[in-house]
Each structure stands twice: as C-alpha cells, then as structure tokens.
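Let's take a walk through this protein together, with the sequence and the 3D view side by side. We will go from loops to sheet to salt bridges.

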Amino acid sequence: MVETRIIKCQSCQHHLWVRTGSETSRCVACKHINSVAGSEESSRTFQVRDRDCNSSKHSRGIPEVPLKFKRKRAVLCGVTYDSTKHKLKGTISDVKHMRDFLINNFKFPKDCIRLLTDEEYQDPKLIPTRKNIEMALQWLVEDCCPGDSLVFYFAGHGSQQTDIDEDEIDGHDEIICPLDFKVNGMIVDDYINSVIVRPLIDGVTLHAIMDTCHSATMLDLPHIFSANEKWADNNPPSGIYKGTSGGLAICISACRDDQLVVDSSTLCGKTTLTYNFIHEINRNPELTYGELVTSVQNKIHDAIEARGIKTWFMRTFFRSAFSQEVQLSSSHKFDIQQIRFKL
C-alpha cells in the first residue's frame, strides 16, 4: 500500500497528489517544483495500491464493479476551433450524439451530463477553454462514491510535447487542445491523470473516450492492450505511480500515440471513433471490450478502404495519414474478451 496526500501548488494553486514522505513534487500543470513540507495540505489522505501490490482483489485483475451503478456523471467536450486554420467539422454533432447515446442506452441523467462546445455562448462556463475543461474534470470526480460511473469524452485536436519528467516511455507527453490553446496552453496527460484517475476510489469506474490524434495514453494509465492482443506495460520509467486509488479507469482511444486521426470530413464521418463506437454498441449491446475495440477498428478500416485508399497513389503518399489503430488502456489488467462493456 502507498499512502498519498494532496498538496496545493505554491505557484498555480493546482492540487497535486504526492506520496507521504516526499520532499518535493513537480506540478503537472505549471511544472513548478514544490517543497512538500511547506505546501498547503488537504485534510484527506488515501491508501492506494502500488503497481506491485499482490492483494487478492488486485491479483484478480479488475476491481469489482456493481451490477448497477448508483450514480452516473459525464463530461463531454467537443471543440471545432471555428474561424481558425485548425477548424474541425463534426465534433459538436459527435458530442450531441454521445450525450443522446449515454441517456438512451445507459440511463445517464440529463442534468448529470456537462457539455462543453463552441456553441455554448449563452453560458461562458461551458465554452471549451482550458480553464472550463479543467473545472469540468474536477467536477466529474468530485465526491465520487463506490458505485459511481463516470465518463469523459473529448473530440478535438490532440498533440504531443517533449516529456521532461521521465514518465513517458516514448519521451512525449500527450496533450489535448482547448479552444484557447494558443493563448492559455494545452492540457497535458499528467494533469488529466492527476485529476480524474488518481482520485478514483474502490467501486468507482471511469471510462474515457478520446476521439483525437496521439491519444493512446492520454490518461497515462499503467496498462495498454497492444496490437498483438497482450497487455503492455505503460508504467512510467521514473517509477511515479499513475494508477487509481482503488477504482477502475479504462480509456478507449482513436489511435496510437504516434498516429493521427483520419479527417472525418474527408471520409463522410464514418472513420470517427465516435460514430463507430456508438453504431457498434447500438447494433450489439452485449459486446465485450475486446469485441468492441475489434469491431470499431474493422469499421474504420473498411471506411478508409471504401474511399479508394487502396490506390497506389494514396498508399504511397498518404499511408501515415490514413492509418489509425484503436487502442484500449486501463488502470488494471483484465480479460477484455470476457468482460462485457457497460457504462
């Protein structure tokens, strides 16, 4: 067991999770190095499993999840970057489809779903700026209790930047781009992990659906299901703990960290993770996680092939642009071919 506590960054006031006994901690938001002993501390402490823990529940591979979730909450974010050279098409409609999907298929209460899109000008707090997205993520896990089902969905631009903390195997942090990223910066995977992964206590389940480029490890989860159908170790080389406080976090991503997502406006929208994710579950609600990832991957591949990507010219000049592999990462290893997908 590893005991952690929460401190407040002395520079930007962001809350950080640190191991008890640590002398310093680098802020995931502003990169300021804090003196732990002199930092303001939350009254809450948590006992969390280390990644080498051999407790009986951990050894079974997946935390116990109730048959019926007690409370459901979701943050759905879609950014079009309208009036910029980075403009995307379809992200707002994807968010609305995802909202309807959660309500109709998994009984999420409408008032427990927070939408952040470029359209929400009537409420400035729902425009997908960096500040608003970060506040929504904090709201998502606020006072989470055993039996809660949480969902974070993002459709927009994703990118990478050089990792300076030695917690990325490939040397790059993954980042999502808020509407105001040119002015206020990106949201880094380290931050996302600290805010919506680390606080998950026993009995809480989080699903993230990341329909963006460079998204395989956007939550920095310790395990990733690789193309050869084996769990790969994604634990940070630095040894820092990136798991939960006992809960379960699962992320389904549109592509590998080194890949781009195919522009859906070019291929009639049928190449998006969102479109095929919703379509396949509507077609077969009993899909396992493995079946879901495979069927979505096949649909995306078929859509790309159907648009003439088999031609020599497209294969030669656009191979990387028209290649994406759906990924699944998790805080715990589990049999994805046996466990049925549910929210």
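A good place to begin is H214, which sits in the loop between strand 12 and strand 13 (223-225). Keep in mind as you look that this is a predicted model. The backbone at H214 has a positive phi of about 50 degrees, although the residue is not a glycine. Is H214 buried or exposed? With a relative accessible area of 13%, H214 falls under the 20% cut-off, so it counts as buried.

Another loop residue invites a similar look. Y81 is found in the loop between strand 6 and helix 2. Its phi is near 55 degrees, again a positive value in a residue other than glycine. Y81 is buried as well, having a relative accessible area of 1%.

Now let your eye move to the sheet. Eight strands make up an open sheet with mixed pairing, and their order is 7-6-8-12-15-16-13-14. Which strands stand at the edges? They are strand 7 (113-117) and strand 14 (231-233); each has a single partner strand, so one side of each is left without a neighbour in the sheet. Going from one strand to the next, the twist averages 15 degrees.

Within this sheet, strand 15 (residues 248-253) pairs with strand 16 (residues 327-330) in the antiparallel sense, over 4 bridges. If you would like to find this pairing on screen, start from I250, whose bridge partner in strand 16 is S330. A helix packs on the sheet too: helix 2 (residues 91-106) touches strand 6 (71-78), strand 7, strand 8 (148-155) and strand 12 (205-211). The direction of helix 2 makes about 165 degrees with that of strand 6.

Next come the charged side chains. How many salt bridges does the structure hold? There are 12. One of them joins D148 and R71, with the closest N and O atoms 2.6 Å apart. D148 lies in strand 8 and R71 in strand 6, so this pair ties together parts that are 77 residues apart in sequence. The two partners can be compared by their accessibility: D148 is buried at a relative accessible area of 2%, whereas R71 is partly exposed at 26%.

A second salt bridge links K242 to D167, and here the closest N and O atoms are 3.1 Å apart. K242 belongs to the loop between strand 14 and strand 15, while D167 belongs to the loop between strand 9 (158-162) and strand 10 (172-176), so the pair connects parts 75 residues apart in sequence. Both K242 and D167 are buried.

For a third example, turn to R256 and E325, whose side chains meet in a salt bridge of 2.7 Å, N to O. R256 is in the loop between strand 15 and helix 6 (273-283), and E325 is in the loop between helix 8 (312-317) and strand 16, so parts 69 residues apart in sequence are tied together. R256 counts as partly exposed at 28% relative accessibility, and E325 is partly exposed with a relative accessible area of 26%.

Finally, some salt bridges share partners: these join D167, D190, D220 and K242 into one network. You have already met K242 and D167 as a salt-bridge pair, and a look at D190 and D220 will show you the other members of that network.

Conventions: Residues numbered from 1 in each chain as written. Predicted model: local features only at pLDDT ≥ 70, side-chain atom pairs only at ≥ 80, totals over all residues. Heavy atoms only, no water. Pairing = 2+ DSSP bridges. Helix = DSSP H or I, 4+ residues; strand = E, 2+ residues; numbered from the N terminus. Axes fitted to C-alpha atoms, helices over the stretch in contact; angles between N-to-C directions. Contact = heavy atoms within 4.5 Å. Buried < 20%, exposed > 50% of the residue type's maximum accessible area, 1.4 Å probe, protein only. Salt bridge = Lys/Arg side-chain N within 4 Å of Asp/Glu carboxyl O.
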